[in-house]
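Student: I have a structure open and I'd like to learn how to read it. Can you walk me through some of its features?

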Amino acid sequence: MLRAYGPQFWWPGRTRFEVIAGAILTQNTSWTNVERAITKLHREHLLSPAAVERVPVNHLASLIRCSGYFRQKARKLKAFVEFLRTRYQGSLNRMFATATADLRGQLLSIYGIGPETADSILLYAGNHPVFVVDAYTRRILQRHQLADRKDPYDQIRQTFESSLPANPKLFNEYHALMVHTGKHFCRKGEPACEHCPLRPYLPVTREAKS
DNA sequence: TGCCAGGCCGGGT
DNA sequence: ACCCGGCATGGC
């Protein structure tokens, strides 16, 4: 994948909190919609934990409307910053200084943060060595018959983590390439699909599809 | 015009 | 431990 596509330099986001906000906003949502929401938050100077705590949840929701599930996601952003304040005095430095396994458990206990969001935060905002599993990762694995649709999240994650050196830079680039590549695979990831590439990982051209 | 996008929650078996 | 409906906008 690296040879075919080159390094992806993920995650887009200028600050750690922007990465965290993006991780929540992009849940089951296209990134272009998330970018618009981030821009609006940026314009209103709402890309900091303290600012998100101050703003009324309804106004927050109206700003992120374009990213979908906006009432849910406004509540989720609120839940995270409240957690950060009560547990780490609002300090991301303190939060990310926590041992990876402990912090992962804490993040999972927050409303609106599930396995993928927790791991995206740990890896992309905190530089912790966790492998992020998402829909694209599953799709590619299914296509190669390396996993079944309903294999548990943690099982897939640990397969990667136990097969690779615990290097956050590697996990970062690896997952980013999985997302990029996964976009070329059919949603149902069935092994027999004629349109999806196996290897080498080259983009599906119009000819290949027809 | 319906399907899809870098999930997660809560209630039910 | 799984299964499923609900959550919502914008692009193609």
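Tutor: Sure, let's go through helices, backbone angles and the DNA surfaces one by one. Keep in mind that this is a predicted model.

Student: Okay, helices first. At roughly what angle do the axes of α8 and α9 cross?

Tutor: Picture each helix as an arrow from its N end to its C end, and take the angle between the arrows. For α8 (residues 100-108) and α9 (residues 115-125), that angle is roughly 135°, and the axes come within 9 Å. Angles over 145 degrees would count as roughly antiparallel, so α8 and α9 are called oblique to each other. Their crossing is right-handed.

Student: Which residues of α8 and α9 meet there?

Tutor: On the α8 side, look for Thr100, Leu103, Arg104, Leu107 and Leu108; they meet Ala118, Ile121 and Leu122 of α9. Sorted by class, the residues of this contact are six nonpolar, one polar and one charged.

Student: Next, burial. How many residues of α10 are buried?

Tutor: You count neighbours: a residue is buried if 20 or more other C-beta atoms lie within 10 Å of its own. In α10 (residues 135-143), seven of the nine residues pass, so to speak, and the helix is mostly covered. The buried ones are Thr137, Arg138, Arg139, Ile140, Leu141, Gln142 and Arg143. Their cover includes α11 (153-163) and α12 (168-182).

Student: Now the backbone. Where do I find residues with a positive phi?

Tutor: Try phenylalanine 9, a residue other than glycine, with a positive phi near 55°. Phenylalanine 9 sits in the loop between α1 and α2. Tyrosine 69 is also a residue other than glycine, and its phi is near 45°. You'll find tyrosine 69 in the loop between α5 (57-63) and α6 (70-88). Then there's glutamine 145, just after α10, with a positive phi of about 55°.

Student: Is phenylalanine 9 buried or exposed, and what about tyrosine 69?

Tutor: Use the neighbour count again; 12 or fewer means exposed. Phenylalanine 9 has 9 C-beta neighbours inside 10 Å, so it counts as exposed. Tyrosine 69 has 18 other C-beta atoms within 10 Å, which means it is partly exposed.

Student: Which peptide bond is cis?

Tutor: Check omega for that one. The bond from tryptophan 10 to tryptophan 11 is cis, with omega near -5°. Tryptophan 11 lies in the loop between α1 (2-5) and α2 (16-25).

Student: Last topic: the DNA. Which residues come nearest to DNA strand B?

Tutor: Start by listing the residues around the strand, then see which elements they belong to. Around DNA strand B there are 25 residues, and Gln27, Asn28, Gly114, Thr117 and Ala135 come nearest. The elements giving two or more residues to this surface are α9 and α10, and the largest share, four residues, is from α9. By class, the surface near DNA strand B holds eleven nonpolar, ten polar and four charged residues.

Student: And which are closest to DNA strand C?

Tutor: Here 14 residues surround the strand, and the closest are Cys66, Gly68, Tyr69, Arg71 and Gln72. For this surface, α3 (31-43) and α6 are the elements that give two or more residues. The largest share, three residues, comes from α6. Split by class, the residues near DNA strand C are four nonpolar, seven polar and three charged. You've met one of the closest residues already: Tyr69 is the one with phi near 45°.

Conventions
Residues are numbered from 1 along each chain as its sequence is written. Chains are lettered from A and ligands numbered from 1 in the order in which they are written. This is a predicted model: local features need pLDDT of at least 70, side-chain atom pairs count only at pLDDT 80 or more; totals for chains, interfaces and linings use all residues. Axes are lines fitted to C-alpha atoms, for helices over the stretch in contact, and angles run from 0 to 180 degrees between N-to-C directions. Angles under 35 degrees count as roughly parallel, over 145 as roughly antiparallel, 65 to 115 as roughly perpendicular and the rest as oblique. A crossing is left-handed if the near helix is turned anticlockwise from the far one by less than a right angle, and right-handed if clockwise. Two residues are in contact if their C-beta atoms, placed from the backbone, lie within 7 Å. Ala, Val, Leu, Ile, Met, Phe, Trp, Tyr, Cys and Pro count as nonpolar, Asp, Glu, Lys and Arg as charged, and the others, Gly among them, as polar. A residue is near a molecule or strand if its C-beta atom, placed from the backbone, lies within 6 Å of it.
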